[in-house]
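Colleague: I'd like to go through a few backbone oddities with you. Can you walk me through how each one gets its label?

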Protein chains: 2
Amino acid sequence: MPQTKDIILNAFSMNCVGHINHGLWTHPRDRSHEYRRLSYWTDLARTLERGLFDGVFLADILGVYDIYQNSVDLTLRESIQLPVNDPILLVSAMAAVTEKLGFGVTVNTGNEAPYTFARRMSTLDHLTEGRVGWNIVTGYLDSAARAIGQDAMAEHDTRYDRADDYLDVLIKLWEGSWEDDAVVHDRARRVFAEPSRVHRIDHRGPYYRSQGYHLSEPSVQRTPVLFQAGTSGRGRQFAARHAECIFINGTDHAAARRTVDALRAEAVAAGRTADDVKILVGVTVVAGGTQKEAEEKLADYIEHASPEAGLAHFSAGSGVDMARFGLDDPIAFGEGNAIRSVTALARQKGWTKRQLLAELAIGGRYPVIVGDGARVAEQLIAWVEEGGVDGFNLTRTVVPESYEDFVDLVVPELQARGAYKTAYGEGSLRNRLFGQGNRLPARHYGSRFRLERQAAE
Amino acid sequence: MPQTKDIILNAFSMNCVGHINHGLWTHPRDRSHEYRRLSYWTDLARTLERGLFDGVFLADILGVYDIYQNSVDLTLRESIQLPVNDPILLVSAMAAVTEKLGFGVTVNTGNEAPYTFARRMSTLDHLTEGRVGWNIVTGYLDSAARAIGQDAMAEHDTRYDRADDYLDVLIKLWEGSWEDDAVVHDRARRVFAEPSRVHRIDHRGPYYRSQGYHLSEPSVQRTPVLFQAGTSGRGRQFAARHAECIFINGTDHAAARRTVDALRAEAVAAGRTADDVKILVGVTVVAGGTQKEAEEKLADYIEHASPEAGLAHFSAGSGVDMARFGLDDPIAFGEGNAIRSVTALARQKGWTKRQLLAELAIGGRYPVIVGDGARVAEQLIAWVEEGGVDGFNLTRTVVPESYEDFVDLVVPELQARGAYKTAYGEGSLRNRLFGQGNRLPARHYGSRFRLERQAAE
């Protein structure tokens with residue numbers, strides 16, 4: 001079954017110890033505590049580029065997980081995304097040792113003024129020569145709100161209204177301030193930039209005001225590739241307008257297909273094409289030289305895993321303290337300020353806490369694929385064919401071996417099946433993902449902020 | 001004349017084309033337009049480490065210079081710190097190719113909540129293994145205020161009041177949230193961090209509130225080395241409390257000595273020692289193999305320089321549009337929201353605009369030293385002996401040759417005179433600068449936020 005499209009692969013990681021598959025930092029081969037060292041990241045970047053990964057997708061969280069047992073104790077003991085360092089500062093070091101690997105960086109829209117954030121992303125797009133994506137998040141933890149001096153997180157829908165306004169400022173700066181040929185670098189005429197080709201934006205929105213010139217000259221992509229993971233109603237509306245890559249949770253092929261179809265339909269309704277959004281599902285892979293070896297590896301991992309840490313993470317995501325339930329109680333959810341996608345799964349399945357714990361041992365809320373390279377490749381291909389996704393965000397288990405296993409064992413099998421590229425494509429991250437140039441397509445909402453007088457690319 | 005102390009050397013640069021010595025981007029050998037490429041910065045870092053530079057000091061500005069001719073036209077044509085990319089994102093790439101070079105990064109206190117900024121600096125301190133400094137600025141351009149959605153910049157003294165409060169939050173997070181031995185990484189007991197050794201801060205200040213755990217585990221220095229350049233009355237008060245390295249303008253030895261003596265006296269009055277502040281003066285060096293070669297090089301540079309661009313930069317700094325004056329008019333200053341140190345020079349000397357233009361051709365507002373290696377070394381040593389400074393922020397002229405010339409021609413002459421190290425010292429940037437360990441000294445204001453129960457370092 002030859003594939004017509006190459007599967008998109010991102011490594012899903014985070015600048016911390018425990019990310020998704022909790023407790024594996026206790027495995028004797030795990031190096032995740034070395035996240036503080038540059039070599040940990042430059043080694044990872046080289047491994048991923050060797051495996052022709054499209055990108056590394058760096059998650060982030062502000063605030064701490066303090067819902068479970070109404071405490072941060074387990075969060076600290078199992079290092080559940082705490083401590084967590086800034087992801088954006090890893091990019092330039094990884095970019096310096098690679099040529100094609102992309103970087104999807106999670107940054108909350110509430111952290112700083114759009115004017116300074118616009119420059120941050122432009123700077124990275126320059127330094128990486130067009131390999132940067134931005135995973136847009138609006139935050140959900142009250143502990144983060146208190147830490148940045150607010151009483152509580154804004155309401156969910158309000159956060160997206162703010163984010164819409166924030167994006168408008170950003171895209172005006174990225175697309176509408178400097179013309180393509182503004183920088184001429186003409187030593188003889190003493191003209192670095194032609195003033196007539198640089199324009200001041202003047203944004204007065206419901207939440208943000210900004211009057212000024214973008215501080216950065218045009219970068220390869222201008223607007224970074226826009227990632228998003230929102231699956232709520234308002235989040236989907238935001239995604240339909242903005243997102244180019246959408247990260248979903250999929251419990252099975254049919255559920256993924258429903259989500260994928262809905263997301264693509266919403267993009268089309270927003271004037272885009274179904275292919276204008278690439279949809280990636282989170283997945284955990286445990287690969288071995290043989291099926292038996294893979295299963296033994298999984299058993300070994302499970303011995304070191306912490307289902308309880310998974311539960312504490314799940315509690316923060318759902319807003320419900322899972323410590324309140326007995327092992328054989330069905331789990332009940334309130335409404336509250338929850339990540340709906342996380343709770344939907346347990347709610348839909350009517351799980352008891354015991355069942356949830358078993359699910360959370362490895363994989364967290366993502367499907368787990370265990371096998372030799374051929375079996376993993378076939379299952380990934382089935383996810384694409386049956387689930388309709390374009391690719392995967394691959395979680396880490398024991399690092400760096402989980403990425404090395406994937407590159408050494410699974411990638412060749414995907415390639416043998418025609419489902420994965422054998423060399424990187426040309427141009428920017430956006431061009432490699434969509435094949436339609438380095439810039440936002442004309443049918444993307446953001447293109448309305450583009451200057452009319454633009455030189456041909 | 002053997003020196004008892006090694007001269008401190010920082011390369012003074014900025015993530016842009018024109019920084020201090022304007023117009024030199026038109027020189028055929030100048031590569032400053034390559035600031036967008038990682039290799040430009042990693043090459044620079046390697047050159048500086050070869051010359052045993054203590055650090056690279058990265059300036060920054062938000063907003064644009066629009067005072068001169070009430071316009072940004074010349075700013076764009078001569079690329080006067082516009083475009084300007086984010087400096088903080090350069091650090092990890094430069095750190096990955098060096099082992100000892102320090103990084104002083106300019107960041108405005110008004111850009112983001114202290115909680116997220118604290119994590120940014122901790123992340124860099126981790127990734128560089130203790131080589132990070134922060135140049136604290138409060139901003140001064142109304143164009144920046146409008147760009148981030150304010151009507152105008154806050155009053156000068158108010159900005160420092162806010163900055164004091166901002167620093168309190170930061171230092172509480174850096175020094176007072178995680179005990180030294182909080183991270184135990186005990187796989188057998190399944191304890192990554194001991195919860196009893198991690199503490200929540202609760203700051204309620206006049207401008208900032210923050211309640212939360214620092215997101216980063218303790219880094220080598222915890223608090224980055226604190227740099228400052230304020231020389232106003234309120235700025236000096238801030239420096240006396242916080243700054244470990246102070247960057248000054250010195251027009252001659254005597255003026256520098258007055259500033260240095262006053263700054264050290266203020267530090268002592270704040271309970272610190274005179275040696276707790278290292279004072280660096282900005283200087284431009286044009287070095288040649290012989291005196292004649294150096295002077296020819298200077299003449300060549302001056303031919304490519306843009307005194308008018310210097311004047312536009314000066315106009316923004318002083319808040320006075322210098323285009324208003326005739327060439328032979330004495331320059332008059334209003335009060336306004338000016339950088340007082342810049343205007344003091346011209347005011348004190350009673351310059352005409354013509355005189356100012358001549359001064360601004362090369363060097364900007366910094367002294368210029370021209371000569372062979374021996375002569376430059378002797379003049380630098382005289383600045384230390386007569387001016388009382390601890391070292392220099394070395395501006396760039398034509399890059400990279402100005403740094404290469406300095407490393408190849410001047411450094412050996414400084415070393416031959418016993419005025420400069422022949423190898424890097426041990427430990428963090430702070431320890432190399434002060435020789436008293438990696439952490440803030442006990443007599444620094446910030447040490448009051450340190451936890452009482454701290455393990456010995």
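Modeller: Sure. Before we talk about loops, here is what bounds them: helices are DSSP runs of H or I with at least four residues, and strands are runs of E with at least two. Keep in mind that this is a predicted model.

Colleague: How do you know that Leu52(B) is in a loop?

Modeller: Leu52(B) sits between α1 (38-50) and β2 (55-59) of chain B. Helices and strands are DSSP runs, so a residue between those two runs is in the loop.

Colleague: What makes the phi of Leu52(B) worth a remark?

Modeller: The value is near 55°, which is positive, and the residue is something other than glycine.

Colleague: And why is Leu52(B) called buried?

Modeller: Its relative accessible area is 11%. Buried means under 20%, so Leu52(B) counts as buried.

Colleague: What about Glu129(B), where is it in chain B?

Modeller: Glu129(B) is in the loop between α4 (114-127) and β4 (132-137). This residue is not a glycine either, yet its phi is positive, about 55°.

Colleague: Why is Glu129(B) called partly exposed?

Modeller: Its relative accessibility is 45%. Buried is under 20% and exposed is over 50%, so Glu129(B) falls in between and is partly exposed.

Colleague: Which peptide bonds are cis?

Modeller: One of them joins Val399(A) and Pro400(A), with omega about 5°. Pro400(A) lies in the loop between β13 (391-394) and α14 (401-416) of chain A. Another runs from Leu82(B) to Pro83(B), where omega is near -5°. Pro83(B) is in the loop between α2 (73-77) and α3 (91-96) of chain B.

Technical notes
Residues are numbered from 1 along each chain as its sequence is written. Chains are lettered from A and ligands numbered from 1 in the order in which they are written. This is a predicted model: local features need pLDDT of at least 70, side-chain atom pairs count only at pLDDT 80 or more; totals for chains, interfaces and linings use all residues. Side-chain values use heavy atoms; hydrogens and water are left out. Buried means under 20% relative accessible area, exposed over 50%, partly exposed in between (1.4 Å probe, protein chains only).
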